[in-house]
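Biologist: I would like a close look at one part of this model, starting from a single side chain and working outward into its surroundings. Please keep to what the coordinates support.

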Amino acid sequence: MSRSPDAVVVGSGPNGLAAAVTLARAGLVVDVFEGAEEPGGGCRSSELTQPGFTHDICSAVHPLAAASPFFLGANLAGRGVRLLYPKVAFAHPLDGGRAAAAAGSVEETAASLGPDGPRYRRLVGPLVRDADDIVPELLAPLRSVPSHPVRMARFGLQGLQPVAAIAGRFETDEGKAILAGAAAHAMLPLNTPLTGGIGLLFTLLAHSAGWPVAEGGSGAITAALVRQLEELGGTVTTACTINDLDELPHARAILLDISPRSFAGIAGDRLPRRHARGLERFRYGSGACKVDFALDGPVPWQAEPCQQAGTVHVAGTLAEVAAAESEVAAGRHPERPYCLIAQPGVVDQTRAPAGKQTLWAYCHVPSGSDVNMADRIEAQIERFAPGFRDLILARSVMTALDMQRHNPNYVGGDINCGAATLRQTVFRPSVRWNEYRTALPGVYLCSAATPPGGGVHGMCGMGAANAALADLGLSGQGR
Ligand SMILES: Cc1cc2nc3c(=O)[nH]c(=O)nc-3n(C[C@H](O)[C@H](O)[C@H](O)COP(=O)(O)OP(=O)(O)OC[C@H]3O[C@@H](n4cnc5c(N)ncnc54)[C@H](O)[C@@H]3O)c2cc1C
């Protein structure tokens, strides 16, 4: 730590790196300190199962990166990142070889939904038309004055509702499942306000930005951000966990890509009691149990759209998704969990040896769970893809507790670093005038515990960096 930086960043997840790049672009000398052996946090790839099989350890599918103002300004393509777009953004199998699928345009998807087509077109069509205006607003603090109030109000009228109410208006299992599957990413019971908004955001992104994977693995995105930072004179030091703010070199701004709980720990007595209490009240969400598979071939889905989908939501009907998520919220492990499956091999041949495939899967579990859900996840996939189990060459399992050991930001295995409740969507992490500033002058939080929350979009980092630059009398990057 002999260098004398203008700004330091603790943590090199997508938000830490986005903060560092935003500060460096404004002319600051920036040093990043990362506790893990390699940079990237939730955006890394590794041979988790067998040599030659590259798995995404955490994030795999990037609709948020594809739509994010930070990433759109980061010229990932110019730094060698190829985002590959599956023909079907996401599919949702149902018993009897049926499936719903978000693929191509709103019109194409509506046409596949039979009697629910017109309803889908009326609900999703206007949002997709307004996507360039509303998505940047949704990826910014929701307390800022919207630049497109009418369009945001149209989104908000639907989005504030629980997805169970919106999906319940559809007639067919397919129509109901398509929104339920997208909304269940929220890790909340489907009768919770705002789950409609999360489902609609992910569904509209299927038709606007797309649901791509990164060629070679999500780690390619991290490598590009690190390269950009280094080109701008910044550094990343790995295997360097910060346990106290005093361990950091003196700097004009300190940005922390860490959880509110870790912040309270490393700030210690410096934090005013009121602020510390606000951070203690921050609620973490349910956990996730993840399984990575090396497969002898593609998953033999019965329903054809699933064979071409980058992402598959596996649980069955709206009622089954709702039951699984309610069980988790009640602190139980569902026998038939809602599973998120990514199959990058549908577009990326680099992930596995010829003829083989990788498969990425996780399901939601109660916070802090150490239950291995691999058998239940396999049973759910087998239900819609008979013969799947025979293809398994190897698997690697991370329970929710393993997730927290792997990355302290995932408290109790919460992969979004904070529940997406109504309160925490508006005030994240606590009630403050600016969400990124802390009570300590010059110290900012920039992790997914700040707006807009979880996902690989870098917008928490960019927002925090812009707050720091404003305090230094410098200007940052616009939304
Ligand atoms: C299993 C899983 C699947 C996911 N799937 C997707 C997906 O498909 N698409 C998507 O968009 N998002 C996905 N996510 C969510 C996404 O990965 C996270 O929301 C995102 O990585 C958050 O970025 P961040 O920079 O805030 O934090 P993180 O990526 O968690 O990075 C925080 C970094 O800070 C470091 N750190 C923490 N404390 C300290 C300390 N005291 N000292 C030094 N370093 C420290 C950590 O080691 C870590 O590297 C997934 C996450 C998981 C776990």
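Biologist: By its relative accessibility, does Cys363 count as buried or exposed?

Modeller: The model is predicted, and what follows should be read as such. Cys363 counts as buried, because its relative accessibility is 0%, and the cut-off for that class is under 20%. The count of disulfides comes to zero. Cys306 takes part in none, its nearest cysteine sulfur being that of Cys339 at 13 Å. Cys306 is likewise buried, with a relative accessible area of 0%. Cys363 is also in no disulfide; for Cys363 the nearest cysteine sulfur, again that of Cys339, is 5.4 Å away, while a disulfide would need the two sulfur atoms within 2.5 Å.

The strands around these cysteines come next. Strand β14 spans residues 357-365 and pairs with strand β13, residues 339-342, in the antiparallel sense over four bridges. One bridge of this pair sets Ile341 against Ala361 in β14.

Both strands belong to an open, seven-stranded sheet with mixed pairing, in the order β7-β6-β12-β13-β14-β11-β15. Its edges are β7 and β15 (392-398); each has a single partner strand, so one side of each lacks a neighbour in the sheet. On average, neighbouring strands are turned by 20° against each other, direction ignored.

Further along the sheet is β6, residues 88-94. Seven of its seven residues are buried, so the rest of the structure largely encloses this strand. β6 runs parallel to β12 (residues 309-314), and three bridges join the two; Ala91 is placed opposite Val312 of β12. With β7 (residues 98-103), β6 pairs in the antiparallel sense over six bridges, and His92 has Ala100 of β7 as its bridge partner. The hairpin formed by β6 and β7 has three residues between the strands, and Gly96 there takes a positive phi near 85°.

One helix contact can be added to the picture. Helices α9 (residues 173-183) and α10 (residues 195-207) have axes that come within 7 Å and cross at roughly 100°, and the two are therefore roughly perpendicular to each other. On the α9 side the contact uses Leu179, Ala182 and Ala183, and on the α10 side Thr195, Ile198, Gly199, Leu200, Phe202 and Thr203. By class, the residues of this contact are six nonpolar, three polar and no charged.

Terms used: Residues are numbered from 1 along each chain as its sequence is written. This is a predicted model: local features need pLDDT of at least 70, side-chain atom pairs count only at pLDDT 80 or more; totals for chains, interfaces and linings use all residues. Side-chain values use heavy atoms; hydrogens and water are left out. Buried means under 20% relative accessible area, exposed over 50%, partly exposed in between (1.4 Å probe, protein chains only). Two strands pair if DSSP finds at least two bridges between them. Axes are lines fitted to C-alpha atoms, for helices over the stretch in contact, and angles run from 0 to 180 degrees between N-to-C directions. Angles under 35 degrees count as roughly parallel, over 145 as roughly antiparallel, 65 to 115 as roughly perpendicular and the rest as oblique. Contact means heavy atoms within 4.5 Å. Ala, Val, Leu, Ile, Met, Phe, Trp, Tyr, Cys and Pro count as nonpolar, Asp, Glu, Lys and Arg as charged, and the others, Gly among them, as polar.
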